[in-house]
Amino acid sequence: MVTKIGLDLGYANITISDVSSGIFREPSVALIDRESRRIASVGNAALSEENTNGMVLVRPFKNGLLFDHQLTQGIINTAVKAVLPAERLRCVVGVPSDFLPKQEKELFAMLNAAGVSDCFSVNRALAALVGAGYSPAMSVISVNIGAASTEIAVFSDGVITHTVREAVGGEDFDKAVKQYIYEQGDVNVSLSVARAIKEKLGSVWSGKENDSVDIEGTLSLTGNRVKMNITTEDIIGVFEKPLHKLFMAVAGAIKKIPIDNVEKTFKNGIVLTGGASLIHGLDIMMSKVLGVSVTRPDDALDSVAKGLSRINTFIPVKGRAANKNVTNSVAKYYENKKST
Ligand SMILES: Nc1ncnc2c1ncn2[C@@H]1O[C@H](COP(=O)(O)OP(=O)(O)OP(=O)(O)O)[C@@H](O)[C@H]1O
Ligand SMILES: [Mg+2]
């Protein structure tokens, strides 16, 4: 029996998708011993033990890059254990558009060491498009806004003619909320409090007024704890900088559409996914600012993982174990599968 999974190693979340058994998502954090660097726990367990003495909480997948081999291997082992034992595990993993062949080789080796027999990798914006329910053979723009990065790909009749990773994501929105609260009264809040405020109140378009949240922060001068009430109206406008960076990046990609494909691509517009795309009204604002239609699925947080597992079902089965980037073959696999 071959179990076919999709694996998305994000900065905020590790998500495994299995077409038959669904989605398994954990925060991509590990609690490690400050001295020995040994991993004590991973995911939600690590978050609940965050304040243990001598331990430090780390996020290993900043900007899609794997900067600590031991840590990454430990996290991958834990994630893969959630789907093992399978007689044979076949995994499609999402990779950033600027991932180097050397890094890809290391990632495959780590997945093999964790028990994955066959590994394939795919551009994350392509996986997001398929996960949102679109054909990889069409002309369209895929924009996936994660926690640290935004992956953009221009598809021209199934071929990726331009792809880029921009270092802007949900955490930049969190930092904007944190900065706003600090400027209001020298009050410090943690990034996780700022993130919770953003997720509850964050809005860039009308339709989400009159909501508020009570928070606690620390007065920077005295260190005293203070209580505050933040409203939706308070944080309207705080996202200007990250939004500007995001729109400039997407506008840059629009300019790269091959001229003879502009009409076709504009018919389909932008497919917007990723957790940070869930800020209220971001799809509407992007569409107004850039003059392109924007569609966002309800399950935008899991689009990459869902797409990866769906792509796994298109890839033809070969007897021999493989480690390979199949980004450029996905449209062909999809068309072949459709015609059988
Ligand atoms: N309802 C929501 N409103 C606004 N932001 C949200 C919402 N739900 C999740 N997010 C944000 O989505 C981000 C996580 O999204 P996602 O899981 O796609 O990132 P990731 O894949 O881990 O990161 P990356 O792709 O950069 O490696 C976080 O910044 C989180 O705060
Ligand atoms: Mg992501």
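In this predicted model, Ala137 touches Asp157, Gly158, Ala331 and Glu335, leaving aside residues up to four places away in sequence. Ala137 lies in a loop. That loop runs between α4 (124-131) and β9 (140-145). Lys332 is separated from Ala137 by 195 residues along the chain. Even so, the C-alpha atoms of Ala137 and Lys332 are 7.7 Å apart.

Lys332 belongs to helix α11, which spans residues 330-339. Lys332 is also part of a patch of positive charge on the surface. The other members of the patch are Lys318, Arg320 and Lys324.

The domain assignment places these residues in a wider frame. The protein chain is divided into domain 1, domain 2 and domain 3. Domain 1 is built from two segments, 2-129 and 302-339. Domain 2 also has two segments, 137-168 and 241-301. Domain 3 covers 170-231. Ala137 thus falls within the bounds of domain 2, and Lys332 within those of domain 1. The centres of domain 1 and domain 2, taken over C-alpha atoms, are separated by 24 Å. Contact between the two domains involves 21 residues of domain 1 and 22 residues of domain 2.

Salt bridges were examined next. The structure holds 13 of them. One of these joins Asp302 and Arg25. The closest N and O atoms of this pair are 3.0 Å apart. The pair links distant parts of the chain, with the two positions 277 residues apart. Asp302 sits in the loop between β16 (294-295) and α10 (303-314). Arg25 sits in strand β3, residues 22-27. Both residues lie within the bounds of domain 1, Arg25 in the segment 2-129 and Asp302 in the segment 302-339.

Notes:
Residues numbered from 1 in each chain as written. Chains lettered and ligands numbered in written order. Predicted model: local features only at pLDDT ≥ 70, side-chain atom pairs only at ≥ 80, totals over all residues. Heavy atoms only, no water. Patch = residues over 30% accessible without salt bridge, like charges linked within 9 Å, V, L, I, M, F, W, Y side chains within 5 Å. Areas by Shrake-Rupley, 256 points an atom, 1.4 Å probe, with all protein chains shown as cover. Salt bridge = Lys/Arg side-chain N within 4 Å of Asp/Glu carboxyl O. Lys, Arg positive; Asp, Glu negative; His and termini not counted. Charge placed at Lys NZ, Arg CZ, Asp CG, Glu CD. Helix = DSSP H or I, 4+ residues; strand = E, 2+ residues; numbered from the N terminus. Domains from an automatic or database assignment. Contact = heavy atoms within 4.5 Å.
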